[in-house]
Amino acid sequence: MIKKRERLEIIYDILVLINNNHNQMKYTPLLRKSNLSSSQFDKYIQELLEKKFIEFSVVDSKKYYRLTKRGFEYINKYKVILKIIEDFDL
């Protein structure tokens, strides 16, 4: 059975992808590695920008996404939640 990723997990996955790429990732590789359709991906990116979990910068006419302090905080707090779930076998 294939497990569908939940919204919070998708957000976590996108943030971790950016973090694991030296906190700087271009749109297309991030889209590809996120395993989302482009329309789904765009909705998540827009939400992450609005909530200030990520920001973007343009370098040599290329757009890069980076985590903000809030993005790093989300990753850390999500890991705590995963640990609780694991500890209580939920």
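This is a walk through the structure above, one selection at a time.

**Before you start**

The model is predicted: local features need pLDDT of at least 70, side-chain atom pairs count only at pLDDT 80 or more, and totals for chains, interfaces and linings use all residues. Residues are numbered from 1 along each chain as its sequence is written, and side-chain values use heavy atoms, with hydrogens and water left out.

**Stop 1: the whole chain**

Show everything as a cartoon. The chain has four helices and three strands; helices (H or I, at least four residues) and strands (E, at least two) are DSSP runs, numbered from the N terminus. Trace the chain from the N terminus and the elements come up as α-β-α-α-β-β-α. Along its principal axes, the C-alpha trace spans about 50 × 30 × 20 Å. Colour by accessibility next: of the 90 residues, 31% count as buried. Buried here is under 20% relative accessible area, exposed is over 50%, and partly exposed is in between (1.4 Å probe, protein chains only). If you draw contacts (heavy atoms within 4.5 Å), take those between residues at least 6 apart in sequence: 50% of them join residues at least 24 apart.

**Stop 2: the sheet**

Select residues 54-59 and 62-67, which are β2 and β3, then add β1 at 25-26. Together they make an open sheet of three strands in the order β1-β3-β2, with antiparallel pairing. Two strands pair if DSSP finds at least two bridges between them. β1 and β2 are the edge strands, each pairing on one side only.

How many bridges join β2 to β3? Six, and the two strands run antiparallel. Show sticks to pick out partners across this pair: E55 has R66 as its bridge partner in β3, S57 stands opposite Y64, and V59 is matched with K62. On the other side of the sheet order, two bridges join β1 to β3, again antiparallel. For that pair, click on M25 and look for Y65, its bridge partner in β3.

**Stop 3: two residues with positive phi**

Most residues other than glycine have a negative phi. Zoom in on D60, in the loop between β2 and β3. D60 is not a glycine, yet its phi is positive, at about 50 degrees. The hairpin of β2 and β3 has two residues between the strands. Is D60 buried or exposed? D60 is exposed, with a relative accessible area of 69%.

Now jump to N23, in the loop between α1 (7-20) and β1. N23 also has a positive phi, near 55 degrees. N23 is buried, though, with a relative accessible area of 11%.

**Stop 4: α3 on the sheet**

Select residues 38-50, helix α3. α3 lies across β2 and β3, running at about 100 degrees to β2. Axes are lines fitted to C-alpha atoms, for helices over the stretch in contact, and angles run from 0 to 180 degrees between N-to-C directions.

**Stop 5: α2 against α3**

Keep α3 and add α2, residues 27-34. The two pack at an angle of about 110 degrees, with their axes 10 Å apart. That makes α2 roughly perpendicular to α3; angles under 35 degrees count as roughly parallel, over 145 as roughly antiparallel, 65 to 115 as roughly perpendicular and the rest as oblique. Their crossing is right-handed, meaning that the near helix is turned clockwise from the far one by less than a right angle (anticlockwise would be left-handed).

For the side chains, select Y27, L30, L31 and S34 in α2, which meet S38, F41, D42 and I45 in α3. By class, this contact has five nonpolar, two polar and one charged residues. Ala, Val, Leu, Ile, Met, Phe, Trp, Tyr, Cys and Pro count as nonpolar, Asp, Glu, Lys and Arg as charged, and the others, Gly among them, as polar.

**Stop 6: α1 against α3**

Finally, swap α2 for α1. α1 and α3 pack at about 80 degrees, with their axes 11 Å apart, so α1 is roughly perpendicular to α3. Here R7, I10, I11, I14 and L15 in α1 meet Y44, I45, E47 and L48 in α3. This contact divides into seven nonpolar, no polar and two charged residues. Leave I45 highlighted: it is among the α3 residues that meet α1, and it is also among those that meet α2.
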